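Student: I'd like to learn how to read a model like this one. Could you walk me through it, feature by feature?

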Number of protein chains: 2
Amino acid sequence: MDQLTIGVDIGGTNTAFGFVDRVGKVYAKGCIPTQDQEKVEDFIADLAAAIKKKITQLDEDTMIVGIGIGAPNGNFYNGTIEFAPNLRWDGIINVVDLFSKHFRTPAYLTNDANAAAIGEMIYGGAREIKDFIMITLGTGVGSGIVVNGELVYGHDGFAGEIGHVIVEEKGRSCSCGRKGCLETYCSAPGIKRTALELIAKSEVSSGLKNIPPEQLTSKDVAIAASEGDKLSLKVFKETGKILGKALANSVAYLSPKAIFLFGGPTQAGDLIFKPTKKYMEENLLNIFKDKIEIYPSQLPDGDAAIVGASALAWKELSK
Amino acid sequence: MDQLTIGVDIGGTNTAFGFVDRVGKVYAKGCIPTQDQEKVEDFIADLAAAIKKKITQLDEDTMIVGIGIGAPNGNFYNGTIEFAPNLRWDGIINVVDLFSKHFRTPAYLTNDANAAAIGEMIYGGAREIKDFIMITLGTGVGSGIVVNGELVYGHDGFAGEIGHVIVEEKGRSCSCGRKGCLETYCSAPGIKRTALELIAKSEVSSGLKNIPPEQLTSKDVAIAASEGDKLSLKVFKETGKILGKALANSVAYLSPKAIFLFGGPTQAGDLIFKPTKKYMEENLLNIFKDKIEIYPSQLPDGDAAIVGASALAWKELSK
């Protein structure tokens with residue numbers, strides 16, 4: 001009899017789910033739109049129906065032992081999504097409670113970056129590592145901090161907001177209402193902002209200058225940089241400089257053995273990893289130098305969010 | 001039969017020790033100079049002899065169950081002092097091993113700030129708090145980070161170096177060889193540096209201008225500020241501004257329930273606490289606002305280091 005957990009990734013546009021075994025293999029998966037229903041209760045009912053329909057396609061003797069949910073502004077302690085700016089439902093949504101109306105298996109919820117960190121710990125590159133930081137670079141910058149094999153949730157469930165560490169006084173405006181947060185520089189939109197700033201300031205010719213700013217993405221910058229475009233190379237150098245310095249400060253707090261980078265911008269490979277490592281080392285306190293590795297996440301590309309969420313269930317069930 | 005642990009505080013000038021019970025009461029204490037002996041083995045032998053002599057003054061049925069040692073650059077995992085700049089012995093000193101030649105009770109070692117954090121957790125204001133940060137303001141700035149009731153040591157035993165988080169790019173020179181570390185602004189010497197900068201820049205009359213810079217201390221600044229000296233008040237405002245911002249970033253990582261401040265400069269009371277709290281709140285991410293208290297340490301003033309070190313032994317023995 002196979003034991004599986006369900007990994008659910010609630011995103012701003014779509015909600016994906018999958019059935020995952022103990023080693024991270026995905027058996028079946030599905031997806032529904034996140035924001036079609038006005039009431040969150042109806043959305044969860046739709047999601048439960050879609051999951052149950054998919055369960056019928058699994059082997060008959062499959063046992064579902066738990067549900068792990070990754071969500072924006074997810075709070076592990078409360079099983080809630082709290083004030084998520086990208087979802088249509090306001091305030092505090094008690095997701096775990098709503099799930100319990102449809103499933104008898106235990107459900108656990110955390111935010112996306114924490115789920116990714118647990119995924120890395122259970123199935124990925126951090127299986128042998130007890131102290132590490134997972135940094136997710138995407139629309140924003142998130143993080144999951146693992147200390148001595150346990151995720152750091154903080155007293156209220158909201159620890160690990162490295163994306164909102166202020167790295168530049170009076171810096172770029174952030175969606176959080178403050179200025180100079182790490183994510184305004186090192187998220188995918190942050191990389192685009194750096195490119196636009198350099199385009200505005202620089203006389204150097206660049207392929208990026210042929211792309212309308214509205215259409216420009218961090219991926220365009222990566223492609224141009226990989227073809228030797230000087231301005232684009234400078235964008236990644238600047239991004240790595242800011243990220244590397246922020247990581248050096250993170251190390252002073254936590255002294256992790258490794259840092260994992262996850263998400264779209266990491267597809268640029270050495271373009272982002274090399275300057276990040278260089279500037280982290282340059283800014284590290286002596287006792288930490290040449291000790292900390294920066295690795296790309298080993299979570300499976302397309303299924304990372306589902307697999308990370310499922311890992312949360314495995315992790316909690318093993319306690 | 002009373003059970004006691006021995007708390008040992010190895011300092012740059014003196015090494016103090018005391019016998020402490022489970023609730024933090026100190027039964028007897030003593031002190032020897034730290035740097036009289038050329039060989040560290042001889043220093044530990046002297047220390048052991050002093051401790052054993054003092055044991056004879058305790059009730060006959062007293063049982064010594066463990067030894068906790070706080071030391072600069074102390075490494076919990078290895079039981080070592082590693083490359084401490086203020087001690088005469090170079091390299092790595094295996095202190096716990098050396099203790100075991102003189103005592104049969106288990107010995108544990110960590111750095112001073114971690115010991116203070118454990119003291120706060122076992123005997124002080126953090127007895128009911130599972131997630132907090134202890135900040136020690138003194139010659140330097142140290143910290144002990146507690147997550148879910150456990151001290152964060154990091155993969156190598158050196159986590160919690162908040163004093164060496166870079167808060168000002170190209171800022172003040174630090175003894176660590178880098179620039180802009182928090183401790184160059186918020187330690188006692190850092191506060192003095194801020195005062196000297198303001199004296200150099202400001203036309204305002206101030207009692208501090210009658211004190212030779214060589215003799216000026218952060219305590220002078222606190223006394224003058226408490227008497228309404230405007231320049232001195234500004235020094236504390238600036239100190240609190242930098243500390244408050246650094247704490248706001250610390251909260252983004254760790255989401256503690258409380259932050260405790262310990263050490264000489266905290267004697268200034270509201271002068272340091274008020275601006276620190278104000279600027280922390282101003283710089284906090286929304287979800288953390290009005291949630292985190294900043295408290296003065298409740299460890300006993302003169303015996304804090306001994307008591308903190310003894311708490312390490314109680315903490316480890318209870319595992």
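Tutor: We'll go from the pair of chains to one chain and then to its strands. Keep in mind that this is a predicted model.

Student: Fine. What rotation and shift superpose chain B on chain A?

Tutor: To read symmetry, look at the turn and the slide along its axis. Here a rotation of 180° with 0.0 Å of shift along the axis puts chain B on chain A, at an RMSD of 0.0 Å. That is how a two-fold axis relates its copies. The same surface serves both copies, too: 100% of the contact residues of chain B recur in chain A.

Student: How many residues does the contact take from each chain?

Tutor: It takes 31 from chain B and 31 from chain A. On the side of chain B that touches chain A, the elements giving two or more residues are strand 10 (141-147) and helix 7 (230-254) of chain B. Helix 7 of chain B gives the most, with four residues.

Student: And what's the make-up of that side by class?

Tutor: For the side of chain B that touches chain A, count 15 nonpolar, nine polar and seven charged residues.

Student: Now a single chain. Why does the radius of gyration of chain A agree with a compact globule?

Tutor: The idea is to compare the value with what the chain length would give. With 319 residues, a compact globule would come out near 20 Å, and chain A has 20 Å, so the two agree. The C-alpha trace of chain A spans about 65 × 45 × 35 Å along its principal axes. Buried residues are 52% of the 319 in chain A. Then check sequence separation: of the contacts in chain A with a separation of 6 or more, 65% are between residues 24 or more positions apart.

Student: How many helices and strands are there in chain A?

Tutor: Nine helices and 13 strands. Try strand 12 (residues 258-262) and strand 13 (residues 293-296) of chain A: they pair in the parallel sense over four bridges. Ala258(A) stands opposite Glu293(A) in strand 13 of chain A. Add helix 8 (residues 270-283) of chain A, and strand 12, helix 8 and strand 13 make a right-handed β-α-β unit.

Student: Where would I find antiparallel pairing?

Tutor: In chain B, an open sheet of three strands runs in the order 5-6-7 with antiparallel pairing. To find the edges, look for strands that pair on one side only: strand 5 (74-75) and strand 7 (92-93) of chain B. Strand 5 of chain B pairs with strand 6 (residues 80-82) of chain B over two bridges, and the bridge partner of Gly74(B) in strand 6 is Ile81(B).

How values were computed: Residues are numbered from 1 along each chain as its sequence is written. Chains are lettered from A and ligands numbered from 1 in the order in which they are written. This is a predicted model: local features need pLDDT of at least 70, side-chain atom pairs count only at pLDDT 80 or more; totals for chains, interfaces and linings use all residues. Copies are superposed by least squares on the C-alpha atoms of residues with pLDDT of at least 70 in both. Two residues are in contact if their C-beta atoms, placed from the backbone, lie within 7 Å. Ala, Val, Leu, Ile, Met, Phe, Trp, Tyr, Cys and Pro count as nonpolar, Asp, Glu, Lys and Arg as charged, and the others, Gly among them, as polar. The radius of gyration is taken over C-alpha atoms; the globule rule is 2.2 Å times the number of residues to the power 0.38. A residue is buried if 20 or more other C-beta atoms lie within 10 Å of its own, exposed if 12 or fewer, and partly exposed in between; C-beta atoms are placed from the backbone. Two strands pair if DSSP finds at least two bridges between them. A crossover is right-handed if, with the strands pointing away from the viewer, the path from the first strand over the helix to the second runs clockwise.
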